[in-house]
Amino acid sequence: MKLTNEENKKIDLMKKDLISLRHHLHKNPELAMEEKNTSDLIAKKLKGLGIEVHRNIGKTGLVGVLKSGNGNKAIALRADMDALPILEETNLEYQSVNKGVMHACGHDGHMAMLFGAAQYLAKNKNFNGTVYFIFQPAEESGGGAEAMIRDGLFTKYKIDSVYGLHVSSVLESGYFSIHDGPVHASSSNFDIKIIGKDTHGAHPERGIDSILVASEIVMSLQTIVSRRISTLDTAVVSVTKFHGGTAYNILPKDVTLNGTVRTHKNEVRDKIKTEMEKIIRGICQGYGANYDFKYKHGDRAVVNTKKESLQAISVAEKISGKEKVLTEPRPIMGSEDFGFYLEKKPGCYAHLGNGPEKGVNHNSKFDFNDEILMTGTKYWIQLAQDLLE
Ligand SMILES: [Zn+2]
Ligand SMILES: [Zn+2]
């Protein structure tokens with residue numbers, strides 16, 4: 001059922017308070033895994049609504065539990081709490097007082113929207129089942145979702161499906177982008193050490209030139225995406241650091257290369273690792289060099305499940321109207337740790353337009369758009385009511 005006019009009016013009454021909560025959070029940002037005051041405040045406010053609160057799940061993370069009726073279905077709604085190490089330059093009256101730390105990705109708004117939904121649902125209880133409110137630490141540096149799962153998010157609580165909502169600076173204000181399949185890429189990092197033999201720069205034949213070997217590896221790694229995986233799969237291999245050498249006239253013994261791999265499928269991610277090692281081994285062998293290769297999986301790809309995506313689309317259409325809900329796939333190569341949840345449970349990660357006029361995420365002039373605060377809050381409320389009828 002679509003929210004009635006009366007319900008909409010009731011929800012809109014919270015707007016002023018939610019904006020001031022959002023501004024308070026914006027003014028007092030905290031970095032990943034240090035969200036202590038943020039977490040204290042949210043916990044206190046949720047408890048004030050009569051919501052059961054469980055702390056220290058993933059260090060500063062918390063879970064609010066709200067039951068209504070006798071239904072045994074349960075959904076989890078997630079907001080992230082961390083800010084970024086950026087010196088804010090917005091000159092807003094609620095500009096960060098924590099110098100060098102800034103909510104430049106909209107997480108202040110994510111928290112306010114989820115809290116708004118919690119407030120309304122706790123007061124009105126017009127759903128049947130359980131809603132878990134996840135306030136997660138450390139989305140930006142990664143690790144937050146994983147830490148909450150490690151501390152029992154899916155074993156302590158019976159959660160059927162999980163939902164995320166993030167603001168997007170490329171979408172017009174109030175628009176949604178929701179589709180099934182890949183949304184964000186996985187992120188893996190690699191470290192390669194090429195071990196040659198140092199020698200005088202005038203006598204390369206007396207050593208093994210690690211700079212030359214590393215250069216050839218950098219070039220060849222680019223053939224993985226173009227020649228070793230399907231053109232229908234998405235992937236990026238980027239060498240982002242190249243370090244070696246100390247003098248004009250010495251060929252160094254070692255060179256280290258570091259970089260990142262992004263894909264939308266786990267099997268592609270794993271194939272790239274295998275292909276990288278083949279290239280590194282082959283080139284090193286050809287020159288008589290040795291190597292050390294490490295490949296670390298970070299964020300998993302965010303891949304929405306079909307049924308949950310269709311439900312989320314229908315919810316968004318009720319809130320913003322069909323014309324403002326974009327449903328064509330538009331996967332992003334950036335990563336997001338929501339993929340750890342979707343590895344365990346079905347669910348849907350949606351984007352809500354912040355409007356390009358509010359700046360680009362992760363920029364010192366970015367601000368969450370207060371005009372969409374109620375849109376996101378209503379999305380969460382409608383989602384809970386539709387899924388837990
Ligand atoms: Zn971000
Ligand atoms: Zn973010």
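Two residues are in contact when their C-beta atoms, placed from the backbone, lie within 7 Å. By that rule, residues 24 or more positions apart account for 81% of the contacts in the protein chain with a separation of 6 or more. The model is predicted, so local features need pLDDT of at least 70, side-chain atom pairs count only at pLDDT 80 or more, and totals for chains, interfaces and linings use all residues. Residues are numbered from 1 along each chain as its sequence is written, while chains are lettered from A and ligands numbered from 1 in the order in which they are written.

**View 1. The whole chain, with eleven helices and 16 strands.** Helices (H or I, at least four residues) and strands (E, at least two) are DSSP runs, numbered from the N terminus. Taken along the principal axes, the C-alpha atoms of the protein chain fill a box of roughly 85 × 45 × 40 Å. Of the 389 residues, 47% count as buried, where a residue is buried if 20 or more other C-beta atoms lie within 10 Å of its own, exposed if 12 or fewer, and partly exposed in between, with C-beta atoms placed from the backbone.

**View 2. The open sheet of eight strands, with mixed pairing.** The strands follow the order S1-S2-S4-S3-S5-S16-S6-S15, and two strands are taken to pair if DSSP finds at least two bridges between them. Strand S1 (52–54) and S15 stand at the edges with a single partner strand each, so one side of each is left without a neighbour in the sheet. Within this order, strand S3 (residues 74–80) has six of its seven residues buried, and is therefore largely enclosed by the rest of the structure. S3 is joined to strand S4 (residues 129–136) by seven bridges, the two running parallel, and Arg-78 has Ile-134 in S4 as its bridge partner. S3 also pairs in the parallel sense with strand S5 (residues 161–168), over four bridges, and there Leu-77 stands opposite Tyr-163 in S5.

**View 3. Helices H4 and H9 against the eight-stranded sheet.** Helix H4 (residues 107–124) lies across strand S2 (62–68), S3, S4 and S5, and runs at about 145 degrees to S3; axes are lines fitted to C-alpha atoms, for helices over the stretch in contact, and angles run from 0 to 180 degrees between N-to-C directions. Helix H9 (residues 306–320) packs on the sheet as well, touching S5, strand S6 (176–177), S15 and strand S16 (347–353), and its direction makes about 30 degrees with that of S16. Tyr-120 has its place in helix H4 and is buried, with 24 other C-beta atoms within 10 Å. Leaving aside neighbours within four places in sequence, Tyr-120 is in contact with Ile-11, Met-14 and Ile-381.

**View 4. The open sheet of four strands, with antiparallel pairing.** Here the order is S10-S12-S8-S13. Strand S10 (235–243) and strand S13 (290–297) stand at the edges with a single partner strand each, so one side of each is left without a neighbour in the sheet. Neighbouring strands of this sheet are turned by 20 degrees against each other on average, direction ignored. Strand S8 (residues 186–195) and strand S12 (residues 254–263) run antiparallel and are joined by ten bridges, one pair of bridge partners being Asp-191 and Asn-258 in S12. Helix H7 (residues 210–228) packs on the sheet and touches S8, S10 and S12, its direction making about 165 degrees with that of S10.

**View 5. The crossing of helices H2 and H11.** Helix H11 (residues 373–387) has 15 residues and reaches 21 Å from its first C-alpha to its last, close to the 21 Å expected at 1.5 Å a residue, the expected span being 1.5 Å times one less than the number of residues. H11 is mostly covered, with 14 of its 15 residues buried. The axes of helix H2 (residues 15–27) and H11 come within 10 Å and cross at roughly 105 degrees, which makes H2 roughly perpendicular to H11, a term used for angles of 65 to 115 degrees. Lys-15, Leu-18, Ile-19 and Arg-22 in H2 meet Leu-373, Met-374 and Thr-377 in H11.

**View 6. The surroundings of Asp-337, in the loop between strand S15 (325–326) and helix H10 (339–344).** Asp-337 counts as buried, with 26 C-beta neighbours inside 10 Å. Apart from neighbours within four places in sequence, the residues in contact with Asp-337 are Glu-139, Gly-142, Gly-144, Ala-145, Glu-146 and Asp-299.

Key:
Angles under 35 degrees count as roughly parallel, over 145 as roughly antiparallel, 65 to 115 as roughly perpendicular and the rest as oblique.
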